[in-house]
Each structure stands twice: as C-alpha cells, then as structure tokens.
Amino acid sequence: MFGYEPEYIDCGDARIACYDIGRGHPLILLHGNGEDSSYWNAQISEFTRFMRVIAVDSRGHGASDSGTKGLSFDLMAQDLKHILDVKGIKKAFFLGFSDGGNLAIKFALQWPDMVGKLVLNGANVEMFFGVKPHVQLTTFAGYGAASLFSRISRKAARRRDVLGLMVHPYGVRMDDLARLEMPTLIIVGEHDMIKDRQTREMAAHIPHCRVEVFRDGDHFVAAKQPSRFNRTVMEFILGR
C-alpha cells in the first residue's frame with residue numbers, strides 16, 4: 001500500500017493497521033465498507049505535499065484484525081481515538097468515504113474538539129435506507145447469504161459482519177448532526193448511490209456545511225475523478 005509497510009497499533013482485542021506518511025498538520029483518511037486504505041492511492045501523493053496523512057484500515061478490514069467483539073462503528077471510533085492518542089495527535093482534519101464518512105461522523109460527535117475540519121464523501125446517516133433501492137437490495141441479499149453460511153465459513157462470517165455495518169443503524173440520528181460545529185464539506189457524485197434527499201437533509205442539519213456535487217460522478221469520485229476531488233478537498237481544508 002503506497003510502497004509503505006503498515007504500522008500496527010494494539011487496540012485491546014485487535015491490532016489495527018495504519019499508514020503514517022508525510023509531515024505537517026494531520027489528515028485522517030477513512031475508507032469505505034469492505035475496502036482498505038489503498039482506496040486512497042490517488043490521493044496520498046497529493047495530500048502529503050501539504051500535510052501528514054494517517055490512513056487507517058478499520059477493524060475487520062484490510063490488514064487490521066477483526067477482534068473478538070464483532071464489528072461496530074462504536075468500536076472503530078474507539079480504535080481511532082486510541083491510535084490518535086498513541087500518536088499524540090490532539091486535533092486533525094478528517095476525510096471519510098462512505099462507511100468511513102459514517103465513522104468520521106461518529107468520531108466527531110464523541111470527540112468534537114479533535115476534529116478541525118470534516119470532509120464526508122458519500123456518507124449517510126440512515127444507513128440502509130439512506131441509499132438507493134438497488135443498493136439496498138444488493139446489500140441485504142449479500143448480508144443474508146453471508147449470514148446463512150457464517151456457521152461453516154470464517155470468510156462468510158467476516159463478510160456478514162462487514163455488511164452488517166451497512167444494514168444495522170449505528171446510533172446516529174439526523175438531529176445529532178446539529179452538534180457538528182466544525183466546518184464540513186459533503187462531496188457526492190451526481191449519480192451517487194446515496195439518495196439525494198439524504199445528502200440534502202444532512203447538509204441542512206450541519207451548521208457550517210456546504211455540498212459539492214461532481215457532475216457525471218458516481219459513489220467513487222475520489223478514484224474516478226482524482227484531480228478534481230483532490231483539488232476540492234485541499235481548497236476546503238487549506239481555506240483557499
């Protein structure tokens with residue numbers, strides 16, 4: 001991943017992999033469901049020109065352990081807090097994609113003083129019902145199949161737990177977003193899997209928030225439109 005070996009940090013029942021690259025003010029990168037930090041391949045070289053980037057493989061993803069407590073956004077937020085404490089980071093910028101955006105929201109609600117600016121790319125609050133119907137059906141079918149085979153397959157059990165993050169509520173309501181007082185940018189694609197209404201409602205509830213819609217973009221604009229994505233994020237974070 002990026003030509004760097006992961007650093008492992010003991011977070012109780014799981015070792016969590018992270019990549020600490022560059023110098024300057026820290027920017028935390030959080031990937032989506034079923035992915036790992038390599039999702040940010042098109043961002044790292046640009047972002048590290050200006051900042052210290054810390055990309056984290058969430059619990060149960062990439063090179064990180066699943067642990068013994070199952071997967072939840074609460075556990076992943078606690079892992080992230082521990083990693084930042086170990087590294088002595090008191091405040092950082094956060095960029096989260098999809099489930100990583102949901103994790104960033106969860107973290108920012110619990111430790112708002114640690115979040116300088118927040119970038120949410122394709123995030124949602126209402127989880128299963130915040131995405132379009134075809135995604136709901138695919139996710140539910142995958143979760144059901146993985147659950148069925150989880151007793152005889154460790155791989156299926158892991159997939160069940162990962163997809164479960166998209167199926168079950170994660171304890172954040174739309175009204176909770178009013179507590180996110182840090183400057184926030186929401187990025188979505190014109191044809192994103194996140195419902196337009198979900199994005200609009202989120203932006204309306206966050207006090208200092210603006211939305212950037214990428215024309216002709218889908219859910220994966222960071223990977224498919226990296227030049228525009230990187231420029232948009234940097235201009236927001238650096239205040240240009």
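**Pockets and cysteines**

Me: Which residues lie nearest the centre of the largest pocket, and how many line it?
Reply: In this predicted model, the largest pocket has 21 lining residues, with Asn33, Gly34, Arg159, Leu163 and Met166 nearest its centre. A pocket is an open set of points on a 1 Å grid over the protein atoms alone where a 1.4 Å probe fits, with protein on both sides within 12 Å along at least five of seven lines, and lining residues have an atom within 4 Å of a point.

Me: Which helix gives the most to that lining?
Reply: That is α5, with 5 residues, and both α4 (133–149) and α5 (154–167) supply at least two each; helices are DSSP runs of H or I, at least four residues, numbered from the N terminus.

Me: Which residues are closest to the centre of the second largest pocket?
Reply: The second largest pocket holds about 160 Å³ of space, the volume being that filled by probe spheres set on the points. Among its 13 lining residues, Leu71, Ser72, Gly164, Leu165 and His168 are the closest to its centre, and α5 again supplies the largest share, 4 residues.

Me: Switching topic, how many disulfides are there?
Reply: There are 0 disulfides (a pair of cysteine sulfur atoms within 2.5 Å), and for Cys11 that is because the closest cysteine sulfur, in Cys18, is 8.5 Å away, too far for a bond.

Me: Is Cys11 buried or exposed?
Reply: Cys11 is buried (under 20% relative accessible area, 1.4 Å probe, protein chains only), at 10%, whereas Cys209 counts as partly exposed (20% to 50%), at 22%.

Me: What about numbering and cut-offs?
Reply: Residues are numbered from 1 along each chain as its sequence is written. Local features need pLDDT of at least 70 and side-chain atom pairs 80 or more, totals for chains, interfaces and linings use all residues, and side-chain values use heavy atoms, without hydrogens and water.
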